[in-house]
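Hi everyone, thanks for coming. Let's look together at how some helices pack in this structure. Here it is on the screen.

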Amino acid sequence: MANIPSSQIGVQINEWYIHIKRFNVTDAEMLKTEIERNLNDMEEDQDVLLYFQLMEFRHRLMLDYLNPSENRMNKADYLREVEGQGKRLTGLLEYYFHFFKGMYEFSKGEYLRAITFYRRAEKKLSQVSDEIERAEFYYKISEVFYHMKQTHMSMYYVKLAYDTYTANSTYVIREINCLTVVAGNYIDLKTHEKALVHFENTLKIARSLRNDSMVTKALLNVGCCHNDMGEYDKAVYYFDRAVEVGEKIKAKELIQAYYDLALIYLRKGNRETGISFFEKSLEYVQFFEDALFGRVLNVLKALYIDLGDREHVLHAMNELRNAAGFPYLEELALEAAEFYNRLERLDDSVYFYKQMIDAQKQIRRGDGLYEF
């Protein structure tokens, strides 16, 4: 006979979510197990059961973020199962569904779809009274706006999130995440010195936490900043350190670290070393089944390894003509333009400068593809 009030389970799920947002994996796993056991004795309440299913999905997203090589859940099937329960989601449940669906779409690189679901969640944000939960929403939407190069929108939302997280000392990882978004936006604004200060701060905090996943990300970001500043020796140093730490945990960031190392060495004419790093990046692309970065590597291969002609390189670039791919296309078109400029093939160089400008226009056009 059921003897546990559903309200009690609801309180436990709220506590579970607190641990998820703090990335307290052990506590989250223990509470999840306890809730699963208690559900068998809970009074009938379909809302709480749906709340549990949505939170279980969020729990899996946390694990996937921390250890993507170990957590390969079929998120699409799980969401379809929740969506097909035959009960209309209302209020807070509707907020969580759209919010978590946005996170899922973001994880796939479907940024416009992510923004669409985040906007639907935002319409239900009045149902959320907890300031940390609101900060979680603000951070997540700032993250997707950053990836879409909507810099000022990203800065607006990340400031809202950061102010809340810094007032709560138990959310250090989210504080790091916010600073990373801020620094990334500063890079897009071409104020690299400001970005570097924030990246170095995140590295310091990550090291103090002894969190290899966060340290890998921070090292990679410091390296990328030096790389954008043209300080290639410093960039290589930090990419090498990112590889050292990342290899211990098979971090997904190894894809980017090896790619950047490959590009630096290929640009310098050191084909053997560059191809070696390219192959390592490709190995992790295949391991993580990252189709988007696979297309990025195809462009690098066409340009620097195959030494292809304009049409060969353009064919590879065309695979990046989508919302998630345009930021990479912008960077690679500039790379191709400078590559051909060094070879004094000025017609080809000008052609790819135009491709870069077109990619920038497409990125900005994204402003009109979602609803405010």
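Start with helix H7 and helix H8: H7 passes H8 in a left-handed crossing. Please keep in mind that what you see is a predicted model. H7 covers residues 131-147 and H8 covers residues 151-166. Their axes come within 8 Å and cross at roughly 150°. Angles over 145 degrees count as roughly antiparallel, so H7 is roughly antiparallel to H8.

Which residues in H7 meet H8? On the H7 side you can find, among them, Ile132, Ala135, Tyr138, Tyr139, Ile141 and Phe145. On the H8 side, the partners include Met153, Tyr157, Val158, Leu160, Ala161 and Tyr165. Sorted by class, the residues of this contact between H7 and H8 come to 13 nonpolar, 3 polar and 2 charged.

Now let's move along to another pair, helix H9, residues 172-188, and helix H11, residues 212-228. How do these two run, roughly parallel or roughly antiparallel? The axes of H9 and H11 cross at roughly 15° and come within 12 Å. Angles under 35 degrees count as roughly parallel, and therefore H9 and H11 are roughly parallel to each other. The crossing of H9 past H11 is left-handed.

If you'd like to find the contact yourself, look for Ile173, Ile176, Asn177, Thr180 and Ile187 in H9. They meet Met214, Asn221, Cys225 and Asp228 in H11. By class, that contact has 5 nonpolar, 3 polar and 1 charged residues.

To recap, H7 is roughly antiparallel to H8, while H9 and H11 are roughly parallel. Thanks for listening!

Terms used. Residues are numbered from 1 along each chain as its sequence is written. This is a predicted model: local features need pLDDT of at least 70, side-chain atom pairs count only at pLDDT 80 or more; totals for chains, interfaces and linings use all residues. Side-chain values use heavy atoms; hydrogens and water are left out. Axes are lines fitted to C-alpha atoms, for helices over the stretch in contact, and angles run from 0 to 180 degrees between N-to-C directions. Helices (H or I, at least four residues) and strands (E, at least two) are DSSP runs, numbered from the N terminus. Angles under 35 degrees count as roughly parallel, over 145 as roughly antiparallel, 65 to 115 as roughly perpendicular and the rest as oblique. A crossing is left-handed if the near helix is turned anticlockwise from the far one by less than a right angle, and right-handed if clockwise. Contact means heavy atoms within 4.5 Å. Ala, Val, Leu, Ile, Met, Phe, Trp, Tyr, Cys and Pro count as nonpolar, Asp, Glu, Lys and Arg as charged, and the others, Gly among them, as polar.
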